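Please open the structure in your viewer and keep the selection tool at hand. The tour proceeds in short stops, each beginning with something to select.

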Amino acid sequence: MIEQTSLSFGDYCIVSCGMLHPEMTHLVESGFLNSKHLYFTPPGLHALPEKLEQHLLSRLTQARESFPDHKIIVVYGKKCYISSDEPLKRVDSILEAAGQGIIRVQGEYGYDMLAGFEDRQRISGGRQGKILWFTPGWLKSWKTIYQRYFRWDEADANANFPGYYDKIIVLDSLNLEAVYTTQRVEEILELFDWTGLEVEFHAITLKRFKGLLMDALSQTVR
């Protein structure tokens, strides 16, 4: 991944999945992302493919109308759009149809941008496929996704989580473990009670995510 720091996001629009809002906000506050034009779609829309496409296209249109001369970087995973009605359609298909000048940050899913396959294998002891991977955004939005979008009740949760997953691992790049295990314990207990899965925090850095963002930026200036 590109380590170059002379490139700047200042003249680029960024459209991101709202699930990565905490990490993106941190990168803005830390000075890494100096884009003045940052748009988010609502988190968790992978559960509603039609709504995902609708909101993503709306944000892209907003970006083009507000800043027509700016190129656009999209922070969305390749497989965040999966629809049984259109099995071959992916996020890239939507972006290609939306026109030129759009570069997507590479990654299978949002959490894959934070920790790649090999990292997840290491973190999980070789069982990355048996882990329900969470991020800070997932901690905030899991009820919206599972209970509102998927319309799961406790019986659905019991059928879909225990036995299939070993546990939940939160990819914690924002040092939230202490907060959740002292001040917000009831939220973790609620998640445990509903899913039947132990919740474990694992500290990571944003090095991979920053590298992927820089890779996308470098493509726009070729």
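Begin by selecting every cysteine in this predicted model. How many disulfides does a search of the whole structure find? The search finds zero. Select C13 and then C17: the sulfur of C17 is the nearest cysteine sulfur to that of C13, yet it is 18 Å away, and C13 is in no disulfide. C13 is also buried, with a relative accessible area of 0%. Next, select C80 together with C17. Why is there no bond between C80 and C17? Their sulfurs are 6.1 Å apart, which is too far for a bond, because a disulfide requires sulfur atoms within 2.5 Å. C80 counts as buried, at 13% relative accessibility.

Move now to helix α1, residues 21-29. Its buried residues are P22, E23, M24 and L27. Just after α1, select G31, which takes a positive phi of about 95 degrees.

The next stop concerns aromatic rings. The structure holds 15 aromatic pairs. Select F150 and W152, whose rings are stacked, with 5.4 Å from centre to centre and 20 degrees between the planes. Are these two residues buried or partly exposed? F150 counts as partly exposed at 35% relative accessibility, and W152 likewise counts as partly exposed at 22%. For another pair, select F161 and Y165: their ring centres are 6.4 Å apart and their planes lie at 40 degrees, so this pair is tilted. Both F161 and Y165 are buried.

Widen the selection to F134, W138, W142, Y146, F150, W152, F161, Y164, Y165 and W194, which ring pairs link into a cluster. Then add K130, whose charged end sits over the ring of Y164, 5.3 Å from the ring centre.

The last stop is the largest pocket, which holds about 730 Å³ of space. Its lining consists of 34 residues. Select H46, Y109, Y111, L132 and W138, the lining residues that lie nearest the centre of the pocket. Which elements give two or more residues to this lining? They are α2 (49-66), α4 (110-114), β5 (131-134) and α6 (136-149). The largest share, three residues, comes from β5. Finally, colour the lining by class: 24 residues are nonpolar, eight are polar and two are charged. W138 offers a link between stops, since this residue belongs to the aromatic cluster and also lies among those nearest the centre of the pocket.

Definitions and conventions:
Residues numbered from 1 in each chain as written. Predicted model: local features only at pLDDT ≥ 70, side-chain atom pairs only at ≥ 80, totals over all residues. Heavy atoms only, no water. 1 Å grid on protein atoms, 1.4 Å probe; cavity = no way out; pocket = protein on both sides within 12 Å on 5 of 7 lines; lining within 4 Å. Points joined across faces, edges and corners; volume = space filled by probe spheres on them. Helix = DSSP H or I, 4+ residues; strand = E, 2+ residues; numbered from the N terminus. Nonpolar A, V, L, I, M, F, W, Y, C, P; charged D, E, K, R; others polar. Buried < 20%, exposed > 50% of the residue type's maximum accessible area, 1.4 Å probe, protein only. Phe/Tyr/Trp six-rings, centres within 6.5 Å; stacked < 30°, edge-to-face > 60°. Lys NZ or Arg CZ within 6 Å of the ring centre and 35° of its normal.
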